[in-house]
Amino acid sequence: MNSKNTRPIILASTSPRRSQLLSCLELSFTVIASHADEQVPESFTPEQVVHELSSRKAESVYTSLKSMHSDAVIIGSDTIVVRDGTILGKPQDVEEAANMLTSLQGRSHQVWTGVTCLDGSTGEKHIAHCVTTVTMKSLSESEIQAYASSKEGLDKAGGYGIQGLGASIVTGIEGCYFNVVGLPLSLLSDMLKKYNIHVLA
């Protein structure tokens with residue numbers, strides 16, 4: 001185990017992007033899939049949504065490990081795209097992805113990511129979030145269809161990813177880039193200090 005870790009770390013997500021990002025902090029961790037229900041009331045604000053869902057994901061893994069009395073720090077995370085107060089989730093198909101891109105192109109929107117760190121030994125949670133403003137270039141109908149048809153954005157909130165092919169349709173961001181990918185690393189590193197895990201040991 002890396003000497004930075006004073007306790008085991010569990011990432012409650014099978015997202016390859018989040019695993020890659022967490023690896024950037026040079027911490028040892030284990031991935032365990034979360035099977036949390038992701039339905040929330042329509043009245044929830046963006047903050048409530050990302051706090052609730054990141055918490056549920058961490059709690060789902062915590063419950064599965066409870067009988068093992070694990071002292072791990074469990075990390076749950078959830079990302080949404082917000083346009084004019086409307087929350088955009090993951091598109092169901094290429095057509096819905098194209099519709100989302102049409103509504104986002106030529107303007108700015110916000111990406112919210114909630115992060116929950118749950119103490120496996122006590123069940124105590126620390127929840128925070130990060131917001132980044134993303135500006136997307138104006139796109140032609142053929143460009144929208146081409147990107148949507150690539151299917152790169154089908155597993156991503158808002159129907160696009162800032163990395164990969166999606167880098168060609170974003171003109172700028174204000175805030176944390178890693179937040180847009182799915183895990184705000186600076187925020188997370190500060191949260192982990194509460195568990196005596198120091199990235200810059």
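This presentation walks through one predicted model, from a central strand to the core and the charged pairs.

Colleagues, I begin with strand 3, which covers residues 73-83. Eleven of its eleven residues are buried, so strand 3 is largely enclosed by the rest of the structure. Its side chains alternate in direction: Val73, Ile75, Ser77, Thr79, Val81 and Arg83 point one way, and Ile74, Gly76, Asp78, Ile80 and Val82 point the other way. Residues on both sides are buried.

Which strands pair with strand 3? Strand 1, residues 9-11, runs parallel to strand 3 and is joined to it over three bridges. Within that pairing, Ile10 stands opposite Ile74. Strand 5, residues 108-119, pairs with strand 3 in the antiparallel sense over ten bridges, and there Val73 faces Asp119. Strand 4, residues 86-88, is also antiparallel to strand 3, with three bridges between them. Val81 has Leu88 of strand 4 as its bridge partner. Strands 3 and 4 form a hairpin with two residues between them. In that turn, Asp84 has a positive phi of about 50°.

I turn now to the nonpolar interior. The largest nonpolar core contains 40 residues, and Ile75, Tyr160 and Leu188 touch the most other members. Helix 3, residues 94-104, supplies the largest share of this core, with five residues. Ile75 brings us back to strand 3. Leaving aside residues up to four places away in sequence, Ile75 touches a set of residues including Ile9, Leu11, Leu22, Val115, Cys117, Leu188 and Leu192. A second, separate core has nine residues, among them Ile10, Ala58, Val61 and Tyr62.

Next, the charged pairs. The model contains eight salt bridges, and I shall describe three of them. Asp119, which we met opposite Val73, forms a salt bridge with Arg7, with the closest N and O atoms 2.7 Å apart. Asp119 belongs to strand 5 and Arg7 to the segment before strand 1, and the two are 112 residues apart. Both Asp119 and Arg7 are buried.

The second pair also involves strand 3: Asp78 meets Lys57 in a salt bridge, at 3.0 Å between the closest N and O atoms. Lys57 lies in helix 2, residues 46-65, and is 21 residues from Asp78. Asp78 and Lys57 are both buried.

The third pair is Arg17 with Asp155, at 3.3 Å from N to O. Arg17 lies in helix 1 and Asp155 in the loop between helix 4 and strand 7, so this pair ties together parts that are 138 residues apart in sequence. Are these two partners buried or partly exposed? Arg17 is buried, with a relative accessible area of 17%, whereas Asp155 is partly exposed, at 34%.

Two further features remain, the aromatic rings and the cysteines. The structure holds one aromatic pair. Tyr177 and Phe178 meet edge-to-face, with 5.4 Å from centre to centre and 80° between the planes. Tyr177 is partly exposed, with a relative accessible area of 34%, and Phe178 is partly exposed with a value of 34%.

How many disulfides does the structure contain? A search of the whole structure finds zero. For Cys24, the closest cysteine sulfur is that of Cys176, at 11 Å, which is too far for a bond. Cys176 is likewise in no disulfide, and its nearest cysteine sulfur, in Cys130, is 4.8 Å away.

Methods: Residues numbered from 1 in each chain as written. Predicted model: local features only at pLDDT ≥ 70, side-chain atom pairs only at ≥ 80, totals over all residues. Heavy atoms only, no water. Buried < 20%, exposed > 50% of the residue type's maximum accessible area, 1.4 Å probe, protein only. Helix = DSSP H or I, 4+ residues; strand = E, 2+ residues; numbered from the N terminus. Pairing = 2+ DSSP bridges. Disulfide = S-S within 2.5 Å. Core = buried A, V, L, I, M, F, W, Y, C linked by side-chain atoms within 4.5 Å. Contact = heavy atoms within 4.5 Å. Phe/Tyr/Trp six-rings, centres within 6.5 Å; stacked < 30°, edge-to-face > 60°. Salt bridge = Lys/Arg side-chain N within 4 Å of Asp/Glu carboxyl O.
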